[in-house]
Amino acid sequence: MRDTFVRTLIKLAQKDKNIELITGDLGFGVLKPFWEAVPDQFINAGIAEQNMTTVAAGMALEGKTVFTYSIGNFPTLRCLEQIRNDCAYHHANVKIVCVGGGFVYGALGMSHQATEDIAVMRALPDVAVFCPGDLVEAEEITKAIAAYPGTCYLRLGRGGEKRIHEKLEQFQIGKAIHVRQGSRVAIFSTGAIFEEVDAACSELHKKGITPTIYTFPTVKPIDWDVILQCASSHELIVTCEEHNLSGGFGSAVAEVLAELPAHARLLRIGMNDQYATLVGNQKYLREQYAMSSRHIVDRIEAALF
């Protein structure tokens, strides 16, 4: 995803001299093509994320479209006050990019595991939140947020994510994307956890369960229409996210369902209000914290039968 983001941003920056990229002293192997292509539109702010964010806000208020970039929690939690006070409050045209959402950097421990970022960022008024599930979604979101007025958060995986779409026609902010039609169960996925969802669906098919599947590249604003439609036509809605359940994607779906007079049952799959005390690669930690395809199958079967 990160390579797709950079390639897309280079094309946009070559056409628009007001697009700027600021890194917090990270990602040089990935960002090198950007500074080679448009060196006057790139800044290394150093390991000073608070300053990076305030500089971005100032540039944005002078007419720039500014992307800040770092890994895990560094461009979000470390500089949350600056995002809130300098960017969001002023509707500044700042796009905060985290590479390594969830357990991508799991082997580096909880300081690098971004498992609260969706909840924290979507709690900020007027901040849009995006979690692409594959390279195609990442490309379309990058183009969309470059044109979107105001502060955005883009949560990327690292690389090697399973391709979901061949292409997307008329991508729209705030709209879920239909992947597969089924019955009884609707699975909503956001971010790179889709590869576990896809594997789980293959197993569920063998058991005679054919879920409807949507990806939600936009977590905020959430797609009310798809949620309402599935709530009235399915027995069970399942949300999957590589994130804590408190305040995350599943909570966003639950907020919509709570305002309906009657609706499908909701099953949320993610981390159960905890920090990861284990270290290891992404696949290992998904298994340990009950987000793997095996756990998704077991949870859905238990909820249906």
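This report describes a sheet, the helices that pack on it and two nonpolar cores in a predicted model.

## The sheet

Five strands form an open sheet in the order 7-9-8-11-12, and their pairing is mixed. Strand 7 (177–180) and strand 12 (265–271) stand at the edges, and because each has a single partner strand, one side of each is left without a neighbour in the sheet. From one strand to the next, the twist averages 25 degrees.

At one of these edges, strand 7 runs antiparallel to strand 9 (residues 212–215), and the two are joined by 3 bridges. Within this pair, isoleucine 177 stands opposite threonine 215 of strand 9.

## Helices on the sheet

Helix 9 (residues 249–258) lies across strand 8 (185–189), strand 11 (236–244) and strand 12, and the helix runs at about 145 degrees to strand 11. Helix 11 (residues 293–304) also packs on the sheet, where it touches strand 8, strand 11 and strand 12, and its direction makes about 155 degrees with that of strand 12.

## The nonpolar cores

The largest nonpolar core contains 40 residues, and those with the most contacts inside it are Met121, Phe188, Phe216, Ile227 and Ile237. Among the elements that give two or more residues to this core are helix 3 (49–61), helix 5 (117–122), strand 8, helix 8 (224–233) and helix 9.

Leaving aside residues up to four places away in sequence, phenylalanine 216 touches several residues, including Cys131, Ala176, Phe188, Ile227 and Phe249. Apart from this core lies another, of 36 residues, which includes Phe67, Val97, Val104 and Ile177; Ile177 is also the residue that stands opposite threonine 215 in strand 9.

Methods
Residues numbered from 1 in each chain as written. Predicted model: local features only at pLDDT ≥ 70, side-chain atom pairs only at ≥ 80, totals over all residues. Heavy atoms only, no water. Pairing = 2+ DSSP bridges. Helix = DSSP H or I, 4+ residues; strand = E, 2+ residues; numbered from the N terminus. Axes fitted to C-alpha atoms, helices over the stretch in contact; angles between N-to-C directions. Contact = heavy atoms within 4.5 Å. Core = buried A, V, L, I, M, F, W, Y, C linked by side-chain atoms within 4.5 Å. Buried < 20%, exposed > 50% of the residue type's maximum accessible area, 1.4 Å probe, protein only.
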